[in-house]
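Welcome, and thanks for taking a look at this protein with us. The report below walks through its sheets, its cores and its pockets.

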Amino acid sequence: MQGYKKLEYTGNTDVILRYTKGHFITPNSHVNYYIDLCDTKARMKEARAAGESLAEMYMSSDVIDTILCLDGMEVVGSYMANKLTEAGILSMNSHKSMYITAPEYNVNGQMMFRENNQHMINEKKVLILIDSATTGKTLKSALESIRFYKGEIVGISAIFSLATQIENIPIRALFTVRDLPDYSTASQDSCPLCKNGVPVDAICNGFGYSTL
């Protein structure tokens, strides 16, 4: 897929949002932009810049025990944890170091944690890290899972987010609707692009896209 445009984060020009306009299907909705964060999640320089920039939004936090990484954000999460630790953000873990983990999904698509890693969530102060938040369905699932395992949500971070909060929890994002003011999301039944006969360009998820 060609024709990417780029936005640089004002706080760090090494944080780049690559996007292209079209008609795309995600696991939860139809959208009119594809945001490509694959390099942000995998390239060291960009992942470090993103992680450190997100960490700066939590410099006044008291305690973060665990960063729960969704959609392949573990590398970014590691740099974020390192920056927070350097800044003196505390962890109540016995070894005084943050956990960086990701959920497993059961056959029903619910997030779960095995017995050997539940301690990373149970009675821990958990920060959720996601690549992009549009419909909020993935975040709602994460909130439900953390509460089920008796964790405490202390924040939500995203590279890009349409919403500013979910269930009264602020979403701190590097890029927002102010950067892409005409970004829209809709269910399949109410998608205006489908109703106007606009063909789908690609099917997308956290790993990337597949053109049709």
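## Strands and partners

Two strands pair when DSSP finds at least two bridges between them. With that in mind, here is a predicted model to explore, starting with strand β3. In β3, V31 has T185 of β12 as its bridge partner. The two strands, β3 and β12 (residues 185-186), run antiparallel and are joined by two bridges.

On β3 there is also a link to β2 (residues 12-25): six bridges connect these antiparallel strands. One of the pairs to look for is T20 with its bridge partner Y34 in β3. A hairpin of four residues leads from β2 to β3. Is β3 mostly covered, or mostly uncovered? It is mostly covered, with seven of its seven residues buried.

## The six-stranded sheet

Now turn to an open sheet of six strands, in the order β5-β4-β8-β9-β11-β10, with mixed pairing. Its edges are β5 (99-101) and β10 (165-166); each has a single partner strand, so one side of each has no neighbour in the sheet. In general, strands of a sheet pair through backbone hydrogen bonds, either parallel or antiparallel.

At one edge, β5 pairs with β4 (residues 66-69) in the parallel sense, over three bridges. Here I67 stands opposite I100 in β5. Further along the order, β9 (residues 152-161) and β11 are parallel too, paired over five bridges. F160 faces its opposite number F175 in β11.

Strand β11 (residues 169-176) has six of its eight residues buried, so the rest of the structure largely encloses it. Its pairing with β10 is antiparallel and takes two bridges, and P170 in β11 is the bridge partner of Q165. Two residues lie between the strands in the hairpin of β10 and β11, where E167 takes a positive phi near 50°.

## Nonpolar cores

In soluble globular proteins, nonpolar side chains tend to be buried together. In this model, the largest nonpolar core has 36 residues, and I67, M80, L84 and I159 touch the most other members. Helix α2 (residues 44-55) gives the largest share of this core, five residues. Another core lies apart from it, with 21 residues that include M111, F113, L143 and I156.

What does L84 contact, once its neighbours within four places in sequence are left aside? The list is A55, Y58, I64, I67, I89 and M98. I67, which stands opposite I100 in β5, is therefore a useful residue to find when you move between the sheet and this core, as it is among the four that touch the most other members.## A buried valine

Helix α3 (residues 74-86) contains V76. Is V76 buried or exposed? V76 has 0% relative accessibility and so counts as buried.

Not counting residues up to four places away in sequence, V76 touches T40, K41, A47, A50, G51, L54 and L129. For one of these, K41, the distance to V76 is 6.1 Å from C-alpha to C-alpha, although 35 residues separate them in sequence.

## The largest pocket

Rolling a probe the size of a water molecule over the atoms shows where empty space is left. The largest pocket has a volume of about 750 Å³. Its lining is made up of 36 residues, and those nearest the centre are P27, D71, D131, N205 and G206.

Which elements supply at least two residues each to this lining? They are β3 (30-36), α1 (38-42), β8 (125-133), α4 (137-148) and β13 (202-205). Strand β3 gives the largest share, five residues. By type, the lining of the largest pocket holds 17 nonpolar, 14 polar and five charged residues.

## The second largest pocket

The second largest pocket holds about 180 Å³ of space. Its lining consists of N106, G109, Q110, M111, M112, S141, E144, S145, F148 and Y149. Two or more of the lining residues come from each of β7 (111-112) and α4, and α4 provides the largest share with four.

Sorted by type, the lining of the second largest pocket has four nonpolar residues, five polar and one charged. M111 is a residue to look at twice: it lines this pocket, and it is also among the members of the 21-residue core.

Terms used
Residues numbered from 1 in each chain as written. Predicted model: local features only at pLDDT ≥ 70, side-chain atom pairs only at ≥ 80, totals over all residues. Heavy atoms only, no water. 1 Å grid on protein atoms, 1.4 Å probe; cavity = no way out; pocket = protein on both sides within 12 Å on 5 of 7 lines; lining within 4 Å. Points joined across faces, edges and corners; volume = space filled by probe spheres on them. Nonpolar A, V, L, I, M, F, W, Y, C, P; charged D, E, K, R; others polar. Core = buried A, V, L, I, M, F, W, Y, C linked by side-chain atoms within 4.5 Å. Buried < 20%, exposed > 50% of the residue type's maximum accessible area, 1.4 Å probe, protein only. Contact = heavy atoms within 4.5 Å.
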